[in-house]
Amino acid sequence: MLLIICNVFAQIPDQTRISNMTTKRFAFLMLFLPTFAFAQNHSGNHGSAPSDYAGQETRLIKSLSEDDLEEIARGGGWGLARAAELNGVPGPTHLLELADEIGLTEQQRHDIEVIRAQMRADAITAGERFVAAEQSLDEAFQLGAPDAGTLERLVVEAGEARANLRLVHLNAHLLTLPLLTDTQVTQYSVLRGYSDDPCDAVPDGHDPEMWRNHNGCN
C-alpha cells in the first residue's frame with residue numbers, strides 16, 4: 001500500500017505535485033500513510049516466530065527429551081500401551097498400585113508381580129536398543145545429510161526397535177488380563193477414570209439390587 005501511494009506522487013510532475021492535489025486528497029493520504037507504513041513493516045514478522053522445536057537442538061538425541069530417556073531407561077511404559085490400557089485391558093504396574101482398592105488376592109499379586117518384573121527387564125533391554133537406534137539416526141544428520149539407502153536403513157531400524165519396545169508393554173497387559181475377574185477389570189477402569197462407577201448409576205429398567213449384584217457392588 002505504501003508503494004501505491006508513492007506511485008501516485010511519482011506520476012505527478014514535481015512542480016505541480018502538491019498544488020494540483022486538493023487539500024482534502026492530500027490530507028487523506030497523509031492520514032493513512034503511517035498505518036500503511038506500519039503494516040508494511042510488520043507484514044513479514046509472522047514468519048519469524050520461534051519454532052516449537054526451539055531449544056531442542058541442545059538435546060543429546062533430538063527426537064527424545066531427557067524425561068523420555070529417563071522413563072525408557074527405567075523400563076517405564078512411555079505411553080506405549082495405551083491401545084490396551086484405554087480399551088479395558090489393565091497393565092500390571094497400575095494394577096499393583098491399586099491392589100487394595102481392586103481387591104487382588106495374594107496369588108493375583110504374586111502372579112502380576114512376576115509379569116511386571118519380566119516386563120520391566122525386557123523393556124529396559126528393548127529400550128536400550130531403541131535409544132541406540134535413534135542416536136544412530138540423529139548422528140547421521142549431525143555428520144551431514146545421509147544418502148537415501150543409509151537413511152532408509154536407519155529409519156527402519158529405529159522403527160523396528162520402537163515396535164519391539166511397544167510389544168513388550170502391550171504383551172504384559174495381555175498376560176495380566178486372564179488373572180482378573182470381570183468385576184476387577186471394571187473397578188480398575190473406574191479407579192483410573194476411564195468409566196463411571198456402575199454401582200452409582202443403575203440404568204432405567206434394571207432392578208437396582210440385581211444390577212448391583214451383577215456388577216459386584218454388594
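Leu 175 is a good place to start: it is partly exposed, because its relative accessible area is 46%, a value between the 20% that bounds buried and the 50% that bounds exposed. Keep in mind as you look around that this is a predicted model. Leu 175 belongs to helix α8. In space, its C-alpha lies 9.9 Å from that of Arg 116, although the two residues are 59 residues apart in sequence.

Let us step back to the whole chain for a moment. The protein has 10 helices and zero strands, so reading along the sequence gives the pattern α-α-α-α-α-α-α-α-α-α. Of its 218 residues, 28% are buried. Among contacts with a separation of 6 or more, 68% are between residues 24 or more positions apart.

Now return to α8, and bring in α7. Two packed helices are described by the angle between their axes and the distance between the axes. Helix α7 covers residues 106-142 and helix α8 covers residues 148-176; they pack at an angle of about 165°, and their axes are 9 Å apart. Because angles over 145 degrees count as roughly antiparallel, α7 is roughly antiparallel to α8. The crossing of α7 past α8 is left-handed. Where α7 and α8 touch, the contact residues comprise 19 nonpolar, five polar and five charged.

Helix α7 has another partner to explore. Helix α3, residues 66-73, packs with α7 at an angle of about 140°, with 8 Å between the axes. On the α3 side you will find Leu 69, Ile 72 and Ala 73, and these meet Ala 123, Ile 124, Gly 127, Phe 130 and Val 131 of α7. The residues of this contact between α3 and α7 are seven nonpolar and one polar, with no charged ones.

Staying on α7, look for Asp 138. Is Asp 138 buried or exposed? Asp 138 has a relative accessible area of 13%, so it is buried. Setting aside residues up to four places away in sequence, Asp 138 touches Leu 60, Ile 61 and Lys 62. The side chain of Asp 138 also makes a polar contact, at 2.5 Å, with the side chain of Gln 142. Leu 154 is 16 residues away from Asp 138 in sequence, and their C-alpha atoms are 9.4 Å apart.

Our last stop is helix α9. Its buried residues are Gln 184, Val 185, Tyr 188, Ser 189 and Val 190. What covers the buried residues of α9? The cover includes α4 (82-85), α5 (92-97), α6 (99-102) and α7, which brings our tour back to a helix you have already met.

Take a closer look at Gln 184, which sits in α9, residues 182-191. Its relative accessibility is 7%, and therefore Gln 184 counts as buried. Beyond its neighbours within four places in sequence, Gln 184 is in contact with Ile 102, Gly 103, Leu 104, Gln 108 and Leu 179. With Gly 103 there is a further detail to see: a polar atom of the Gln 184 side chain lies 3.2 Å from the backbone oxygen of Gly 103. Finally, follow the chain to just after α9, where Gly 193 takes a positive phi of about 85°.

Notes: Residues numbered from 1 in each chain as written. Predicted model: local features only at pLDDT ≥ 70, side-chain atom pairs only at ≥ 80, totals over all residues. Heavy atoms only, no water. Axes fitted to C-alpha atoms, helices over the stretch in contact; angles between N-to-C directions. Helix = DSSP H or I, 4+ residues; strand = E, 2+ residues; numbered from the N terminus. Parallel < 35°, antiparallel > 145°, perpendicular 65-115°, else oblique. Left-handed = near helix turned anticlockwise from the far one by under 90°. Nonpolar A, V, L, I, M, F, W, Y, C, P; charged D, E, K, R; others polar. Buried < 20%, exposed > 50% of the residue type's maximum accessible area, 1.4 Å probe, protein only. Polar contact = N/O pair within 3.5 Å; in protein donor to acceptor, adjacent residues only side chain to side chain. Contact = heavy atoms within 4.5 Å.
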